[in-house]
Amino acid sequence: MVTTHRFVVERVRVSVDLVVVGVGYVGLPLAAAASAAGLSVVGYDTSPAVVDTLRAGRSHVLDVSHARLKAMRANGFTVTADPSVLSRADTVVICVPTGLGPDGGPDLSAVRAAAATVSDHLRPGTLVVLESTSFPGTTDEVVRPVLERHGLVAGEDFPLGYSPERIDPGNRRHGVRTTPKVVSGHTPLCAKHCAAFYGRFVDTVVVAKGTREAEMAKLLENTYRYVNIALVNEIAVFCDRLGVDVWDVLRCAATKPFGFAPFTPGSGVGGHCIPVDPRYLLDKARREGARLGVVEAARRVDAAMPGYVAQRVARLLADDGRTVAGSRVLLLGVAYKADVPDTRESASIRVADELAALGARISYHDPVAGPVPRLGPPVTDLDSALRDSDATVLLVPHGGYDLSRLARNARLLLDVTGRVPGGEVQRL
Ligand code: SAJ
């Protein structure tokens with residue numbers, strides 16, 4: 001008699017140390033740091049373009065080079081659009097965008113969708129961490145109910161935490177491993193799990209009292225920048241009225257070795273964090289019936305800066321006997337900050353709108369950021385554009401600009417950045 005042995009092979013679940021949900025400018029550097037520390041990491045993203053780009057070995061994130069991505073892949077890093085990988089995760093970190101909705105308020109749709117996908121594949125014991133920036137209560141009141149919708153209970157069946165991202169795009173000095181990481185948990189035990197996880201690849205872990213403290217800490221960090229940028233912008237406008245050189249004021253003030261953090265005036269605050277996060281704070285305050293007067297005032301100052309820059313251009317042209325209407329104005333820099341190829345919420349675009357409303361004929365150049373569709377194609381020949389323009393405005397001090405050359409070749413130059421050498425240059 002032939003005995004057939006039927007081996008019942010339990011599907012061996014090969015666990016993954018970390019699944020990052022959303023491999024963008026926050027998720028990919030996180031994955032890179034964990035991978036470099038030897039963790040097995042999988043990136044999960046709903047964008048086929050992101051998955052295909054990374055699978056082709058190309059990084060779409062400034063702070064993760066192709067070489068670093070290659071090293072990650074050599075360490076076993078893979079990317080997928082298949083959420084079933086989440087069922088094999090020991091830890092899931094959600095790094096999806098939290099922007100503004102059409103009403104100007106918080107848009108948590110990506111966070112909700114990510115939490116729903118995680119909940120569909122959540123296993124008992126999996127640590128789930130939210131990194132996306134949002135108002136206090138998001139982890140507990142928005143994410144937790146979604147994760148629990150199939151019956152698992154946070155703090156009992158799985159640990160739940162919040163740890164704000166602190167990625168500074170383009171910052172070569174501070175990365176994920178070397179930037180202190182604030183962590184928190186739904187319960188003290190959740191916080192311990194969260195701290196132990198990040199402690200595997202981050203040098204310094206700081207445990208907050210709870211998820212709301214960690215959420216608020218992040219909003220404070222960025223709103224602090226927003227308010228102080230508004231302060232120096234307000235001082236810059238006042239100095240202009242007084243005939244005081246605000247750049248020399250800032251140079252002198254910055255010598256104070258304590259109690260003063262230098263900020264620079266400009267055309268306004270751009271990017272997907274600093275102009276957005278204070279709106280999350282203001283929305284939370286509104287819903288709680290509270291007023292944040294300092295933050296509201298900063299918003300008014302920031303909103304006025306593009307118009308102020310446009311007025312300064314008009315003044316520059318008027319001193320040259322020209323009106324803005326019909327003048328050719330060249331804008332240098334449409335990225336939201338220097339040396340970052342990103343135009344989201346760029347104040348430069350708001351300056352373009354203000355100048356166009358005054359009748360100026362706008363052209364623009366940016367050596368780093370791609371074209372801005374609604375401004376038309378950028379100029380490619382900078383020298384001829386400088387010669388052909390009635391006025392040039394340096395809005396973003398990209399490292400690739402030869403500032404002395406700009407001063408020599410521009411007919412009229414307004415330097416919003418305070419970087420162009422030479423006493424005769426008009427500055428903000
Ligand atoms: N800006 C000024 N004056 C300043 C500093 C900045 O006008 O003195 C403008 C910039 O031009 C830019 C905007 O503000 O348009 C934001 O600049 P940022 O340097 O804060 O850069 P982000 O938004 O790319 O990154 C910030 C992080 N930056 C720093 O801490 C230096 C940090 O606040 C957060 O980790 C990150 O946002 C985030 O993701 O929250």
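A biologist asks a modeller about the ligand site and the cavity of this structure.

Modeller: This is a predicted model, where local features need pLDDT of at least 70 and side-chain atom pairs pLDDT 80 or more, while totals for chains, interfaces and linings use all residues. Residues are numbered from 1 along each chain, and side-chain values use heavy atoms, without hydrogens and water.

Biologist: What makes a residue count as surrounding the ligand?

Modeller: One of its heavy atoms must lie within 4 Å of the ligand. 18 residues surround the ligand, with Glu-165, Lys-218, Asn-222, Thr-264 and Tyr-336 the closest.

Biologist: Why is the pair between Tyr-25 and the ligand called a polar contact?

Modeller: A polar contact with the ligand is a pair of N or O atoms within 3.5 Å. An N or O atom in the Tyr-25 side chain is 3.2 Å from a ligand oxygen, so the pair qualifies. A polar backbone atom of Ile-167 is 3.0 Å from an oxygen atom of the ligand, so that pair qualifies too.

Biologist: How do you know which domains supply the shell around the ligand?

Modeller: The domain bounds come from an automatic or database assignment. Domain 1 (16-209) and domain 2 (225-427) each give at least three residues to the shell.

Biologist: What makes a space a cavity?

Modeller: On a 1 Å grid over the protein atoms alone, a 1.4 Å probe fits at its points but cannot get out. The largest cavity holds about 110 Å³, the space filled by probe spheres set on its points, which are joined across faces, edges and corners. Its lining has 13 residues, each with an atom within 4 Å of a point.

Notes: A polar contact is a pair of N or O atoms within 3.5 Å; within protein, one must be able to donate a hydrogen and the other to accept it, and residues adjacent in sequence count only if both atoms are side-chain atoms. On a 1 Å grid over the protein atoms alone, a cavity is a set of points where a 1.4 Å probe fits but cannot get out, and a pocket is an open set with protein on both sides within 12 Å along at least five of seven lines; lining residues have an atom within 4 Å of a point.
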